[in-house]
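Student: Please take a close look at a single part of this protein. I should like one connected account of that part and its surroundings, set against the chain as a whole.

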Amino acid sequence: MVSFTASEKPRMDKAHEKAQEHLRTSQKRQKDCYDCRVASEEITVRDHMYLYVPVIKNGKKLHSPWQGLHVVVKKIGDMTFQVEEVGNHRKRKVVNFNRLKLCGEPPSANQYPVPLSAYWSLLQFTSAETASSPLVHIG
């Protein structure tokens with residue numbers, strides 16, 4: 001039994017070294033990918049962002065993980081930011097940059113959709129063919 005372990009020891013050491021080499025290579029590749037993603041997004045104060053809110057275990061089936069429009073209020077650290085919901089200044093949260101995604105251009109007031117009640121007030125049924133159609137394009 002002793003001769004078997006003595007003969008297998010060099011093979012086991014070689015396999016261990018090979019596994020360590022593969023781990024180092026994999027860790028370096030993962031770190032490079034992570035650093036590339038971190039360096040690509042520069043978050044500044046007053047940027048419009050989406051906030052990642054993961055699905056809870058017994059939550060809604062069609063839950064969207066990226067929640068509404070938030071504005072960066074303050075940069076607390078290198079990776080930590082204080083954000084608030086647009087239109088609700090009382091809901092402020094401190095979040096890590098991993099939970100933020102840049103929204104792009106902030107929406108202007110004329111980009112919001114018109115409520116359906118406004119369309120109904122604009123509808124005028126003047127002829128029989130428009131009266132029979134429930135949807136009328138106003139444009």
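Tutor: A residue is called buried if its relative accessible area is under 20%, exposed if the figure is over 50%, and partly exposed in between. The model is a predicted one, and by this rule buried residues make up 12% of the 139 residues in the chain. The chain exposes about 11800 Å², of which carbon and sulfur atoms supply 58%. Its secondary structure consists of 3 helices and 5 strands, in the order α-β-β-β-β-β-α-α from the N terminus. Among the contacts with a separation of 6 or more, 37% join residues that are 24 or more positions apart.

The part chosen for the close look is strand E3 and what surrounds it. The largest nonpolar core has 9 residues: Ile 43, Met 49, Leu 51, Val 72, Phe 81, Val 83, Val 95, Phe 97 and Leu 100. Strand E3 (80-85) supplies at least two residues of this core, as does strand E1 (48-52). In soluble globular proteins, nonpolar side chains tend to be buried together.

Within that core, Val 83 repays attention. Leaving out residues up to four places away in sequence, Val 83 touches His 70, Val 71, Val 72 and Val 73, and further along the chain Lys 91, Arg 92, Lys 93, Val 95 and Leu 100. Val 72, Val 95 and Leu 100 are themselves members of the core.

Is Glu 84, a charged residue of strand E3, buried or exposed? Glu 84 has 8% relative accessibility and therefore counts as buried, the limit being under 20%. Its side chain has polar partners: a polar contact of 2.7 Å joins it to the side chain of His 89, and another, of 2.8 Å, joins it to the side chain of Arg 92. With residues up to four places away set aside, Glu 84 touches Leu 69, His 70, Val 71, Val 73, His 89, Lys 91 and Arg 92.

Val 73 is thus a contact of Val 83 and also of Glu 84. This valine lies in strand E2, which covers residues 66-75. At 26% relative accessibility, Val 73 is not under the 20% limit and so counts as partly exposed. Apart from neighbours within four places in sequence, Val 73 is in contact with Val 45, Gln 82, Val 83, Glu 84 and Arg 92. Arg 92 therefore appears twice in this account, as a contact of Val 73 and, by the heavy-atom limit of 4.5 Å, as a contact of Glu 84. The C-alpha atoms of Val 73 and Lys 93 are separated by 9.7 Å, with their positions 20 residues apart along the chain.

Two further sites complete the picture. Arg 46 is found in the loop between helix H1 (2-40) and strand E1. Its phi is near 75 degrees, a positive value in a residue other than glycine, and its 67% relative accessibility makes Arg 46 exposed. Elsewhere, the charged end of Lys 101 sits over the ring of Trp 66, at 4.5 Å from the ring centre.

Key: Residues are numbered from 1 along each chain as its sequence is written. This is a predicted model: local features need pLDDT of at least 70, side-chain atom pairs count only at pLDDT 80 or more; totals for chains, interfaces and linings use all residues. Side-chain values use heavy atoms; hydrogens and water are left out. Helices (H or I, at least four residues) and strands (E, at least two) are DSSP runs, numbered from the N terminus. Buried means under 20% relative accessible area, exposed over 50%, partly exposed in between (1.4 Å probe, protein chains only). Accessible areas come from the Shrake-Rupley method with a 1.4 Å probe; for residues, only the protein chains shown count as cover. A charge sits over a ring if NZ of Lys or CZ of Arg is within 6 Å of the ring centre and within 35 degrees of the ring normal. A nonpolar core is a set of buried Ala, Val, Leu, Ile, Met, Phe, Trp, Tyr and Cys residues joined through side-chain atoms within 4.5 Å. A polar contact is a pair of N or O atoms within 3.5 Å; within protein, one must be able to donate a hydrogen and the other to accept it, and residues adjacent in sequence count only if both atoms are side-chain atoms.
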